[in-house]
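Please read the following report alongside the sequence and the coordinates. It moves from strand pairing to charged contacts, then to hairpins and overall totals.

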Amino acid sequence: MHARPNVQLKRTIAVLLIAIMSAGTILGAVPAAFGSAEVMTATGPPTGFDFAGVTPATGPPTGFEEVASLPVGDGPGEIGILEGPELEPWGPSAFAIDDQGRFHVIDGVNGRVLTLDRNGEIIADLSWHDPVVCPVDIAVVDGRLFVLDLPAQPSAVQELDSEGYPAKTWEIPAYYTDHGITGFDVSTDSRGEADIRLEIAGTWHVPLVSSGIAVGPRMLPTTATDDIVRVPAAAASEVAIERRARGAAFFADKEWTTGRSASVTALRRGRPTAAMTVRSHATLGAIRFLDTDERGNVYVFAEDMVEHSPGNPDIRAFVKRYLPDGTPQAVFELPVERFRTHPEPP
């Protein structure tokens, strides 16, 4: 009898992406995500990410700490993966960490959300029910579970109750799905009402729900070149990503003429307090402000696309850390080539 393969959650830079999006108490709970991370760069030709301002080291990703190992299957404590010679691998599509340090993993193959404690033990198994089809992203805020269900007709963001049924549903305008949705984020206001933003084409965010009320679609001035969606420079400020952390607002925006640089600006009371720059010798993909830690350091996610042949880019992913004043401090390359499927987020 053959041993079943396992799906492993690794606590390293990939988990750092999720951990730093959680509350500050979680940052203190996962020191390995910071202490074991290596500053590194890519080897090879002089195309790709620019580590300006950082003294990089080379070498393979190191410092992994296994959080959990789940056997592949459809039984209790197992997680589903489908793959074959003519199939693109399909497995866990996303996971999130709540303010108690628990992992919530979408097991789309088996139609459920698995919850693991800090030690990697499964403590809950929630199957979803119609009209939920198959969520592709997940957020856990104030103990509430939100999912992005793109396969639903129409696509929707749903808040699930304790039995896996939608407690609330917000339909997504077809205009947004036509432009390509790659994720979402959720926060709540002082009254506990949801604020939901959709990530469009891995580049900018648009509001779907504000204080629990649906927001009409915002027109996106875009141009398309093959599979790459670009925003004219004149309209960049209208679609820049905005996220808030520890009393500051952060805007991420690309230089749209060449697509090789981007900026993340921190503002307090409407005034800029720090500016951070990401550059590439090739083309930048997604740019996301992630979060700040308890020291005020800023974390930015970036994708780098080196196109070896038309329509076939080599995509690499990085997290860049900046000091509170915007000085670049470290770069972490995510080992995306090690994984058969790539959960969201970051």
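F103 has L116 as its bridge partner in strand 8, and this pair belongs to the antiparallel pairing of strand 7 (residues 103–107) with strand 8 (residues 112–116), which extends over five bridges. Strands here are DSSP runs of E with at least two residues, helices are runs of H or I with at least four residues, and both are numbered from the N terminus; two strands count as paired if DSSP finds at least two bridges between them.

The model is a predicted one, in which local features need pLDDT of at least 70 and side-chain atom pairs count only at pLDDT 80 or more, whereas totals for chains, interfaces and linings use all residues. Residues are numbered from 1 along each chain as its sequence is written, and side-chain values use heavy atoms, with hydrogens and water left out.

Strands 7 and 8 are part of an open sheet of four strands, arranged in the order 6-7-8-9 with antiparallel pairing. Its edges are formed by strand 6 (95–97) and strand 9 (122–127), each of which pairs on one side only. From one strand to the next the twist averages 15°, where axes are lines fitted to C-alpha atoms (for helices over the stretch in contact) and angles between N-to-C directions run from 0 to 180 degrees.

**Charged contacts**

Side chains of opposite charge can pair when their charged atoms come close. With a salt bridge defined as a side-chain nitrogen of Lys or Arg within 4 Å of a carboxyl oxygen of Asp or Glu, a search of the whole structure finds seven salt bridges. Three of them are listed below with the distance between their closest N and O atoms.

| Salt bridge | Closest N and O atoms |
|---|---|
| R102 and D98 | 2.7 Å |
| D107 and R112 | 3.0 Å |
| R295 and E294 | 3.6 Å |

The surroundings of these residues can be described by relative accessible area, for which buried means under 20%, exposed over 50% and partly exposed in between (1.4 Å probe, protein chains only). R295 is exposed, with a relative accessible area of 61%, while its partner E294 is partly exposed at 47%. Salt bridges that share partners join D107, R112 and D125 into one network. D107 counts as buried because its relative accessibility is 0%, and R112 is likewise buried, at 6%. In the pair of R102 and D98, R102 is partly exposed at 26% relative accessibility, whereas D98 is buried at 2%.

**Strands 11 to 13**

How many residues of strand 12 are buried? Strand 12 (residues 156–160) is mostly covered, with five of its five residues buried. In a regular strand the side chains alternate between the two faces of the sheet. Within strand 12, A156, Q158 and L160 point one way and V157 and E159 the other way, and all are buried.

Strand 11 (residues 144–149) runs antiparallel to strand 12 and is joined to it by five bridges, with A156 in strand 12 serving as the bridge partner of D149. The hairpin that joins strand 11 to strand 12 passes through six residues. Strand 12 also pairs in the antiparallel sense with strand 13 (residues 166–171), again over five bridges, and here the bridge partner of L160 is P166 in strand 13. These two strands form a hairpin with five residues between them, and G164 in its turn has a positive phi of about 90°.

**Strands 14 and 15**

Strand 15 (residues 194–200) is largely enclosed by the rest of the structure, because five of its seven residues are buried. Seven bridges join it to strand 14 (residues 181–188), and the two strands run antiparallel; I200 in strand 15 is the bridge partner of I181. Five residues lie between the strands of this hairpin, in which G192 takes a positive phi near 85°.

**The protein as a whole**

The protein contains four helices and 27 strands, and buried residues make up 48% of its 346 residues. Taking a contact as heavy atoms within 4.5 Å, residues 24 or more positions apart account for 47% of the contacts with a separation of 6 or more. The accessible surface comes to about 16,300 Å², of which 51% belongs to carbon and sulfur atoms; accessible areas come from the Shrake-Rupley method with a 1.4 Å probe, and for residues only the protein chains shown count as cover.
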